Amino acid sequence: KLERASVRLRPAEYGGIVLVGGFLFGLLLSWFLEINQLICLVIGLSLAPVASNLFLLSRRHLYVSKIDNQLPEACRLLSSAARAGLSIPQGLELAVKELPSPIRKELEIVVQELQLGRHLEGALQELLKRVYSQDLHVFVNALIIQQRSGGDLARVMAQMASTMEERKIISQIIRSVTAQARYSAYMLPVISVFIVFMMSRMIDGFFDLFTTFFGMIIAGIFIVLQIVGVLLVRKISNIEI
């Protein structure tokens, strides 16, 4: 998980950081809410693994995005290899030599599996299981179809490289246009929690309301509306190409 998330830490080091982070979060929670410190520490240490998984998942998207950005160049190398009369496995070996990480590491695993006698289709499908993206799915399917039925691999790879670059440009334009909406989704819960914190500092016994049945209902409605608001904004701003 750390390697796929491009985190250059050992598992023990990362685990220690997560543990310390959960402990500090519990102390801050106890200081802000002025409730039992032991309860806050338990909450902080319980939320630490959840926050860690969310962090690694977000970093995994970055890892996949880096590979998608390198796919056009990989397609061009395979196109050049096909024009030179090389087979698909030989073209993949050339890509491993010429391309930088992280796509080099993933293709290197494919090449090693082929050298050990595994079928090309199985090695490519395993690559797709390790790192999934729409562009990589198209790339793998194109190689599998070419391996099964043959055809002009050089032309297919060249056209795929051009298409991927055009999609990348369109995607960047869409992200810049929807940036305000996406950041609004992130800031919505932060601002709400900040307002609750300020009211707790200005009004004595503010959190006593939430210990009653009516207060728990209000807190539940507040949390549900926050989640719904974030999901709606993200859904509206997420435009697939």
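This passage describes confidence, helix geometry, backbone features and one buried side chain in a predicted model.

The protein chain has an average pLDDT of 83, and 97% of its residues score at least 70. Confidence varies along the chain: helix H4, spanning residues 103-115, has the highest mean at 91, whereas helix H8, residues 179-202, has the lowest at 79. As a general reminder, predicted coordinates should not be read in detail where pLDDT is low.

Helix H2 offers a good place to begin with geometry. Its 47 residues, 37-83, reach 68 Å from the first C-alpha to the last, which is close to the 69 Å expected at 1.5 Å a residue. Helix H2 nonetheless bends by about 35 degrees at Leu71, with a proline, Pro72, following within four residues. Just after H2 comes Gly85, whose phi is positive, at about 90 degrees.

A further backbone feature appears in the loop between helix H3 (88-98) and H4, where Pro102 is placed. The peptide bond joining Ser101 and Pro102 is cis, with omega at about 10 degrees. For context, most peptide bonds are trans, and most residues other than glycine have a negative phi.

Helix H4 also holds Glu113. Is this residue, Glu113, buried or exposed? Glu113 counts as buried because its relative accessible area is 16%, under the 20% cut-off. Leaving aside residues up to four places away in sequence, Glu113 touches Arg118, Ala123, Glu126 and Arg130.

How values were computed:
Residues numbered from 1 in each chain as written. Predicted model: local features only at pLDDT ≥ 70, side-chain atom pairs only at ≥ 80, totals over all residues. Heavy atoms only, no water. pLDDT = per-residue confidence, 0-100. Helix = DSSP H or I, 4+ residues; strand = E, 2+ residues; numbered from the N terminus. Buried < 20%, exposed > 50% of the residue type's maximum accessible area, 1.4 Å probe, protein only. Contact = heavy atoms within 4.5 Å. Expected span 1.5 Å × (residues − 1). Bend = angle between axes of the 7 residues up to and from the residue.
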